[in-house]
Structure formats: C-alpha cells, structure tokens
Amino acid sequence: MITYDRCPVCSGTHFHEVIQVRDYTVSGKFFPVCHCSDCSFRFTQNIPGDLEIGAYYKSEDYISHTDTRKGLVSKLY
C-alpha cells in the first residue's frame, strides 16, 4: 500500500483528509482523498501497491482508455 507523507505535487506536509471514496467496481474498500493546503492538489491515500493494483484492472466493468465501444459514457471517456 502506498501512503504519502508529503504531497505528490509540491512535497508539502500540510494536507488533510476531505472525503472517503468507495471503490464500487472491485473491492468495495474506502480510500481517503486528501487536500494539500500548500498547493490545493487533491490525492488519494492508501493506494494499492504493485502486488495488489492489478486486481483493480481485471474487472469486467473497468473502462480502458482505448475501449470506446461500450456506450456513451465510454465514448466520452
């Protein structure tokens, strides 16, 4: 799991959690989204690491950047 102790954009240390978002597609887990007070960037905390991340892309509901044949939302994406 990847957890930031500094903002990934500005390396600032002044950030706080603003919301918990749920992964509805694969795991059902909640992930915190943090807001950096130094640069206003928002980023996800507790990201799955190299050994876990692949499972998030194996879902039938995952929309690839190159798959534009599955409806309007996919085409817009």
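The following paragraphs go through a predicted model, from its overall make-up to single residues. Local features are given where pLDDT is at least 70, side-chain atom pairs count only at pLDDT 80 or more, and totals for chains, interfaces and linings use all residues. Residues are numbered from 1 along each chain as its sequence is written, and side-chain values use heavy atoms, with hydrogens and water left out.

The protein has 1 helix and 3 strands, and along the sequence these follow the pattern β-β-β-α. Helices (H or I, at least four residues) and strands (E, at least two) are DSSP runs, numbered from the N terminus. Of its 77 residues, 22% count as buried. Here buried means under 20% relative accessible area, exposed means over 50%, and partly exposed lies in between (1.4 Å probe, protein chains only). The accessible surface comes to about 5900 Å², and 53% of this belongs to carbon and sulfur atoms. These areas come from the Shrake-Rupley method with a 1.4 Å probe; for residues, only the protein chains shown count as cover. Among the contacts (heavy atoms within 4.5 Å) with a separation of 6 or more, residues 24 or more positions apart account for 39%.

The aromatic residues come next. The structure holds 3 aromatic pairs. A pair of aromatic rings is described by the distance of the centres and the angle of the planes. Rings of Phe, Tyr and Trp (its six-membered ring) pair if their centres lie within 6.5 Å; planes under 30 degrees apart count as stacked, over 60 as edge-to-face and the rest as tilted. One of the pairs is Phe 15 with Phe 43, which is edge-to-face because the planes stand at 70°, with the ring centres 5.2 Å apart. Phe 15 belongs to strand β1 and Phe 43 to strand β3, so this pair ties together parts that are 28 residues apart in sequence. Phe 43 is also paired with Phe 41, this time stacked, at 6.1 Å centre to centre and 10° between the planes. Phe 43 has a relative accessible area of 5% and is therefore buried. Its two partners are partly exposed, Phe 15 at 23% relative accessibility and Phe 41 at 33%. Together with Tyr 4, these three phenylalanines form one aromatic cluster.

Gln 45 has contacts with members of this cluster. It is placed in the loop between β3 (42-44) and α1 (71-76), and it is buried because its relative accessible area is 6%. Beyond its neighbours within four places in sequence, Gln 45 is in contact with Ile 2, Thr 3, Tyr 4, Phe 15, Phe 31, Pro 32 and Cys 34. Its side chain reaches the backbone nitrogen of Tyr 4 at 2.7 Å. A polar contact is a pair of N or O atoms within 3.5 Å; within protein, one must be able to donate a hydrogen and the other to accept it, and residues adjacent in sequence count only if both atoms are side-chain atoms.

Strand β2 (residues 30-36) contains Val 33, which counts as buried because its relative accessibility is 14%. Leaving out residues up to four places away in sequence, Val 33 touches His 16, Glu 17, Val 18, Ile 19, Val 21, Arg 42, Phe 43 and Thr 44. The C-alpha atoms of Val 33 and His 16 lie 8.4 Å apart, with their positions 17 residues apart in sequence. Val 18 lies in strand β1 and is partly exposed, because its relative accessible area is 34%. With Ile 19 and Val 21, Val 18 forms a nonpolar surface patch that has about 210 Å² of accessible area together.

Thr 13 sits in the segment before β1 (15-22) and is partly exposed, at 43% relative accessibility. Outside the residues up to four places away, Thr 13 touches Asp 5, Arg 6 and Asp 38. Its C-alpha atom is separated by 8.5 Å from that of Ser 37, which is 24 residues away along the chain.

Two loop residues remain. Ser 40, in the loop between β2 and β3, has a positive phi of about 75° although it is not a glycine. Asn 46, in the loop between β3 and α1, likewise is not a glycine but has a positive phi, of about 55°. Both are partly exposed: Ser 40 has a relative accessible area of 49% and Asn 46 one of 25%.

Notes
Patches are made of residues with over 30% relative accessible area and no salt bridge: like charges are joined within 9 Å, nonpolar side chains (Val, Leu, Ile, Met, Phe, Trp, Tyr) within 5 Å. A salt bridge is a side-chain nitrogen of Lys or Arg within 4 Å of a carboxyl oxygen of Asp or Glu.
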